[in-house]
Amino acid sequence: MRRLVAIFLMVFTFSAGGRARTHSLPTVSMSSSTGALSALEARYGKAATLQATFLERYSENGKQVRVEAGKAYFLRPGKMRWEYEKPERNLFLVDGKYVWFYAPDDHTATRMLAKKSEDWRTPIAFLTTGMKLGRICSEVGPAQEAKPAKAGNEVYRCVLRGTEEEKGGAAQKVLFEITPQNELARIVIPQEAGMQIEFEFKDWEWNPVLAKTLFQFEPPPGTVIVNGLLPEAPGMRQ
């Protein structure tokens, strides 16, 4: 599974039509030091729809190699739309049944059934499912050594559930950066071989009016639809 696609595919598995693998998941206690995480859950948990602008940065061994920008839309349960605007126009969409990647310049749309993914560890699941961070993280707490991108924000580390057993003891850790207004400002997701994906969010809107058709993919005339694994994330293409 390609890097970015693997991050997103879980969203469907906890929605009405999906089936996730069953585990006994103890709740991660939120102490006073992680009160910002509880406030984050509470604020986003009240929204049926969400909208934000995003920057997506790709780094290799600490060096930034590509930046992409666009708008993201979320609809519960389990639907989202990522419109990449710069440097290339691309679309990543989860419609509740399929996961789509559409490249207008290539006149190609690739799709796969969302339920085929068993990777339910995504750090953004709470945006479209209302899932508590205690079901995503086996451990969560302040990342005191991590510097926030903006002064006044707080950074927390989440150890994603299941990764330790599957990677032979190398548990995957994700960083959340939260503003004083309890908004999600940034997610940092380390990858293998020194790679890192970082999402920066701004201009959050709660419960904007979003047409349901926004989460439906209608291929333009002449588009070739390919079934199977999705291509690499836009920023990872050579």
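**Helix α3, a sheet and a disulfide**

Reader: Let's start with helix α3: which of its residues are buried?

Author: This is a predicted model, and helix α3 spans residues 35–45. The buried residues there cover an arc of only 140 degrees around the axis, which puts them on the same side of α3. They are Ala 36, Leu 37, Leu 40, Glu 41 and Tyr 44.

Reader: Take Leu 40. Why does Leu 40 count as buried?

Author: Leu 40 sits in helix α3. Buried means under 20% relative accessible area. Leu 40 counts as buried because its relative accessibility is 0%.

Reader: What does Leu 40 touch, leaving aside its neighbours within four places in sequence?

Author: One partner to look at is Asn 182, 142 residues away along the chain, with the two C-alpha atoms separated by 5.1 Å. Leaving aside neighbours within four places in sequence, the contacts of Leu 40 are Phe 126, Ile 178, Asn 182, Glu 183 and Leu 184.

Reader: On to the open sheet. Which are its edge strands?

Author: The sheet has 12 strands with mixed pairing, in the order β7-β8-β9-β10-β11-β1-β2-β3-β4-β5-β6-β12. An edge strand here pairs on one side only, which leaves us with β7 (137–142) and β12 (224–227).

Reader: And by how many degrees are neighbouring strands of this sheet turned against each other on average?

Author: Strands of a sheet pair through backbone hydrogen bonds, either parallel or antiparallel. With direction ignored, the average turn between neighbouring strands of this sheet is 20 degrees.

Reader: Zooming in on β8 and β9, what is the bridge partner of Cys 158 in β9?

Author: Strand β8 covers residues 154–160 and strand β9 covers residues 173–178. They run antiparallel, joined by 6 bridges. For Cys 158, the bridge partner in β9 is Val 174.

Reader: Which cysteine does a disulfide join to Cys 158?

Author: The count comes to 1 disulfide, with an S to S distance of 2.1 Å. The pair links distant parts of the chain, 21 residues apart, with one cysteine in strand β7 and Cys 158 in strand β8. Both are buried, and the link is left-handed, at -105 degrees about the S-S bond. The partner is Cys 137.

Reader: Last one, on confidence: over which residues is the pLDDT below 50, with 57 contacts beyond near neighbours in sequence?

Author: The protein has a mean pLDDT of 78, and 74% of its residues reach 70 or more. Residues 1–7 stay under 50, with 29 contacts beyond four places in sequence. Where pLDDT is low, the predicted coordinates should not be read in detail. The stretch with 57 contacts is residues 9–32.

Notes: Residues are numbered from 1 along each chain as its sequence is written. This is a predicted model: local features need pLDDT of at least 70, side-chain atom pairs count only at pLDDT 80 or more; totals for chains, interfaces and linings use all residues. Side-chain values use heavy atoms; hydrogens and water are left out. Buried means under 20% relative accessible area, exposed over 50%, partly exposed in between (1.4 Å probe, protein chains only). Helices (H or I, at least four residues) and strands (E, at least two) are DSSP runs, numbered from the N terminus. The arc is that of the directions from the helix axis to the C-beta atoms. pLDDT is the predictor's confidence in each residue, from 0 to 100. Contact means heavy atoms within 4.5 Å. Two strands pair if DSSP finds at least two bridges between them. Axes are lines fitted to C-alpha atoms, for helices over the stretch in contact, and angles run from 0 to 180 degrees between N-to-C directions. A disulfide is a pair of cysteine sulfur atoms within 2.5 Å.
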